Amino acid sequence: MIHNVRWLLAGAVALGAAGCSDRLTDAGPGGARFADLSAAFVSVPLGYDVVLSSYGGGPDAGLAPWTPVRGEASLDRGSMMGGGLGSLFLGGTFVGGFGRGPFHHGFGFDGFGLGHWPFGDGAVDSSCTFDAGSGRLVCPAVTRNGVTIERSVAFLDAAGKPQQAYDTVTTNTIDTRLTVSGTLIRSRRPHRDHDGDGAVAGNDTVRTTVQDASDRTVSGLAKGSAQRTVNGTSAGKETTTGSDTTGTFTVVRVVGDTVKNVVVPVASDSIRYPVSGSVTRSMQVTLTRAGQAPTASTRREVVTYNGTNTATVVITVNGTTKTCTLPLPRGRLNCPSP
């Protein structure tokens with residue numbers, strides 16, 4: 001949990017840029033092009049690194065809200081939104097039956113000492129108590145800087161019977177539920193003159209309200225299982241209000257994913273990647289400035305695994321669709337030229 005709440009303890013930090021602009025564009029409701037909002041798709045909403053999803057994130061993922069006052073780069077043609085896909089959905093070297101290595105989620109629940117497969121699922125500690133009515137271990141809520149994290153975990157054997165603790169032999173399924181909610185308020189220092197017009201954003205207050213949640217089930221964990229199957233959903237909404245040199249603004253980012261029957265074999269070699277199933281990811285960004293009509297942009301990515309070492313990725317941006325391929329494990333997204 002130490003890593004998961006560091007964005008609350010340290011406050012908001014700058015989000016990293018990623019590559020040059022992806023010019024798959026279309027006009028939004030406000031007449032602006034997708035490129036005007038494309039930087040908002042590079043990261044995920046504040047706190048989204050805490051919930052379990054398909055988004056890969058990165059060192060700054062989910063640590064700060066996106067605002068239009070920063071000169072951030074947008075997606076390039078070899079990348080996916082929200083920091084790309086997480087390790088589970090790309091494949092890679094997996095050390096041991098459970099544990100760490102590149103297959104372990106970088107922002108997992110390391111502080112709880114479990115970190116079950118695939119990355120952080122099922123993390124509990126001695127403060128979590130078993131509720132017989134729900135068959136789940138319920139952990140105390142953690143609140144920092146106005147944002148609260150709630151978590152519960154269910155361990156099931158092969159017959160679907162709830163277990164009060166994880167068993168390395170008989171536990172077959174782990175279901176982990178997480179929510180992140182609240183409001184973070186921070187003061188921003190003056191920004192540099194990015195466009196050379198002599199104007200910089202002054203000190204002001206940025207208020208961000210978040211509501212994130214995930215429910216993910218991993219099955220096939222019992223000793224002797226030949227494959228793991230992952231199903232789950234995540235959803236998040238980030239609403240940020242603030243101001244820059246042009247006036248006040250409101251940014252709303254809505255993000256989510258659905259993981260459907262993603263199967264990863266338990267192979268004898270060290271390279272494992274999904275061989276079937278799909279992941280559907282979407283994000284919508286809406287920017288509203290005082291006295292202006294809202295500007296919006298949407299992006300949807302559907303990843304399909306077909307038993308080969310190449311996944312198909314269908315990307316739709318503001319109604320325009322392209323079909324790309326993604327080599328596994330950890331290849332670079334290959335999309336047709338515009």
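This is a short group-meeting talk on a predicted model of one protein chain.

Okay, let's get going. Since this is a predicted model, I'll start with confidence. The average pLDDT over the protein chain is 78, and 72% of the residues reach at least 70. Two stretches fall short of that. Residues 1-35 have a pLDDT below 50, and in the model that stretch still makes 104 contacts beyond its near neighbours in sequence. Then there's 197-201, also with pLDDT below 50, where the count of such contacts is twelve. Please keep those two in mind when you click around.

Now the overall picture. The chain has 338 residues, and 50% of them are buried. In terms of secondary structure, we have two helices and 14 strands. If you take contacts between residues at least 6 apart in sequence, 62% of them link residues at least 24 apart. And for the surface people: accessible area is about 14,000 Å², with carbon and sulfur atoms accounting for 52% of it.

On to the inside. Which residues have the most contacts inside the largest nonpolar core? They are L85, F89, V303, Y305, V313, L326 and L333, out of 31 residues in that core. Several elements put in at least two residues each, including helix 2 (87-90), strand 3 (136-144), strand 9 (247-265) and strand 12 (295-305). The top contributor is strand 13, with four residues. There's another core apart from this one, with 28 residues, and A40, V44, V50 and V210 are among them.

Let me zoom in on one spot, starting from S214. S214 sits in strand 7, which covers residues 204-219. Is S214 buried or exposed? Its relative accessibility is 5%, so S214 counts as buried. What does its side chain do in there? A polar atom of the S214 side chain is 3.0 Å from the backbone nitrogen of L52. Beyond four places in sequence, the contacts of S214 are V51, L52, T176, R177, L178, T233 and S234.

R177 is on that list, so to speak our next stop. R177 belongs to strand 6, residues 173-188. With a relative accessible area of 39%, R177 is partly exposed. Its side chain has a polar contact of 3.3 Å with the side chain of D175, and another of 3.2 Å with the side chain of D215. Leaving out residues up to four places away, R177 touches R136, E150, R151, S152, S214 and D215. One more distance here: from R177 to G122 is 55 residues along the sequence, but 9.1 Å in space between C-alphas.

Next, the aromatics. The structure has two aromatic pairs. I'll show you Y48 and Y55: the ring centres are 5.9 Å apart and the planes meet at 75°, so this one is edge-to-face. Both partners are tucked away from the probe: Y48 is buried at 2% relative accessibility, and Y55 is buried at 6%.

Let's move over to T310, in strand 13. T310 is partly exposed, at 29% relative accessible area. Outside its sequence neighbourhood of four places, T310 touches T325, L326 and P327. The C-alpha of T310 is also 5.6 Å from that of L328, 18 residues along the chain.

And L328 takes us to the backbone geometry. Most peptide bonds are trans, and most residues other than glycine have a negative phi. Where does this model depart from that? The L328 to P329 peptide bond is cis, with omega near -5°. P329 itself comes in the segment after strand 14. For phi, there are two asparagines to look at. N145, in the loop between strand 3 and strand 4, has a positive phi of about 50°. N145 is partly exposed, with 47% relative accessible area. N261 has a positive phi of about 50° too, but N261 is placed in strand 9. N261 is partly exposed as well, at 41%.

That's my tour. If you open the model afterwards, I'd begin at R177 and its polar contacts with D175 and D215, then look at the cis bond before P329. Thanks, everyone.

How values were computed
Residues are numbered from 1 along each chain as its sequence is written. This is a predicted model: local features need pLDDT of at least 70, side-chain atom pairs count only at pLDDT 80 or more; totals for chains, interfaces and linings use all residues. Side-chain values use heavy atoms; hydrogens and water are left out. pLDDT is the predictor's confidence in each residue, from 0 to 100. Contact means heavy atoms within 4.5 Å. A nonpolar core is a set of buried Ala, Val, Leu, Ile, Met, Phe, Trp, Tyr and Cys residues joined through side-chain atoms within 4.5 Å. Buried means under 20% relative accessible area, exposed over 50%, partly exposed in between (1.4 Å probe, protein chains only). A polar contact is a pair of N or O atoms within 3.5 Å; within protein, one must be able to donate a hydrogen and the other to accept it, and residues adjacent in sequence count only if both atoms are side-chain atoms. Accessible areas come from the Shrake-Rupley method with a 1.4 Å probe; for residues, only the protein chains shown count as cover. Rings of Phe, Tyr and Trp (its six-membered ring) pair if their centres lie within 6.5 Å; planes under 30 degrees apart count as stacked, over 60 as edge-to-face and the rest as tilted.
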